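User: Could you take a close look at one residue for me, and then at the unusual backbone spots elsewhere in the chain? I'd like to know where things sit and what surrounds them.

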Amino acid sequence: MPTPHADLPIRRLTLGDLTACADLSENRSWPRQEHKWGLLLAAGTGYGIDAPEGKGLAAAGVLTSYAPRTSSEPGLAVIGMVLVAERHARQGIGRRLMHHLLAEAGDTPLTLHATPQGRPLYEDLGFTMTGNAEMVRGHFRPSGPPADVPTRPATADDLPAILRLDTEVFGLDRTHMLTRLPAFAHQIRVAEDESGLIGYAAAWPNMHTHVVGPLIARDPETAKALIASLAAGTDRPLRTDIDVRHEDLLEWLKAHGLEPVAFNAAMTYGIPALPGDWTRRFAPLTLAAG
């Protein structure tokens with residue numbers, strides 16, 4: 001028999017839906033995160049199902065697409081913020097929305113980060129777990145000698161070098177996302193040596209924390225220097241999502257006051273692994289957009 005939501009249309013979301021998206025997050029006991037929703041709806045493509053009772057959204061999700069570096073390489077789309085209102089949960093609406101996102105992506109490979117609750121659905125749809133990210137949060141406590149890697153605030157003149165480094169490490173062109181970063185982030189810092197830019201990181205406000213991401217760095221020591229310098233510029237707790245393969249950085253963060261919060265599975269569809277250089281990719285801008 002058809003589900004009660006089978007005939008409800010799926011429509012494109014706009015920035016005018018920002019409050020409804022934040023309400024949906026709150027309905028599922030997530031932070032409202034209006035700031036993040038605004039970025040995702042501007043740089044990505046949101047899809048939603050209006051609640052049949054005529055108020056708010058029954059479900060929503062965002063697809064953020066990145067172009068390949070060359071015409072011979074595939075692009076990538078990131079699925080994020082897939083949420084179903086509690087009163088409409090367990091009725092097939094999340095699966096229907098996911099099928100729509102898969103259709104919209106077409107032949108483009110996909111990735112997402114799954115909570116333990118969402119992972120069974122994604123596996124059933126054909127996604128494969130390819131990694132893990134650990135979320136850590138807390139007030140950063142500086143200790144020991146200062147980092148040997150100098151950092152400084154980024155300027156507008158740094159943007160071309162940031163884009164070049166990011167494309168090299170991420171493996172795709174994130175220009176349309178990163179050009180929004182100066183307005184979105186509270187701080188952006190860079191590290192460089194005689195060869196040029198060797199890393200950059202941003203801290204952006206999310207409720208009562210500052211989220212560190214993206215975090216691109218030549219090595220763990222550069223990543224630590226960037227995080228420490230960002231922490232020095234805020235009184236808020238830091239939060240970040242670190243690829244668990246970076247064990248040294250995670251241990252260092254925990255030794256400096258950040259505590260483990262959750263694990264989210266990195267999953268892919270249509271590709272065996274993410275492009276780019278994971279050894280220099282420490283944290284995403286946000287799990288919802290890569």
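Analyst: Happy to! Gln187 belongs to strand E9, which covers residues 187-193. Keep in mind that this is a predicted model. With a relative accessibility of 12%, Gln187 counts as buried, because the cut-off for buried is under 20%. Its side chain has a polar partner: one of its polar atoms is 2.9 Å from the backbone oxygen of Leu230. Leu230 also appears among the residues that Gln187 touches, once those up to four places away in sequence are set aside. The others in that list are Ala201, Ala202, Ala203, Ser229, Gly233 and Thr234.

Now for the backbone. Most residues other than glycine have a negative phi, and most peptide bonds are trans. Against that background, three places deserve your attention.

Let's start with the peptide bond between Gly213 and Pro214, which is cis, with omega at about 0 degrees. Pro214 is part of strand E11, residues 209-217.

Just ahead of E11 comes a loop that links it to strand E10 (196-206), and Met207 lies in that loop. Met207 is not a glycine, yet its phi is positive, at about 55 degrees. Its relative accessible area is 41%, so Met207 is partly exposed.

Ser29 is another non-glycine residue with a positive phi, near 65 degrees. You will find Ser29 in the loop between helix H1 (18-27) and helix H2 (34-43). Ser29 counts as exposed because its relative accessibility is 70%, and the exposed class begins over 50%.

Technical notes:
Residues numbered from 1 in each chain as written. Predicted model: local features only at pLDDT ≥ 70, side-chain atom pairs only at ≥ 80, totals over all residues. Heavy atoms only, no water. Helix = DSSP H or I, 4+ residues; strand = E, 2+ residues; numbered from the N terminus. Buried < 20%, exposed > 50% of the residue type's maximum accessible area, 1.4 Å probe, protein only. Polar contact = N/O pair within 3.5 Å; in protein donor to acceptor, adjacent residues only side chain to side chain. Contact = heavy atoms within 4.5 Å.
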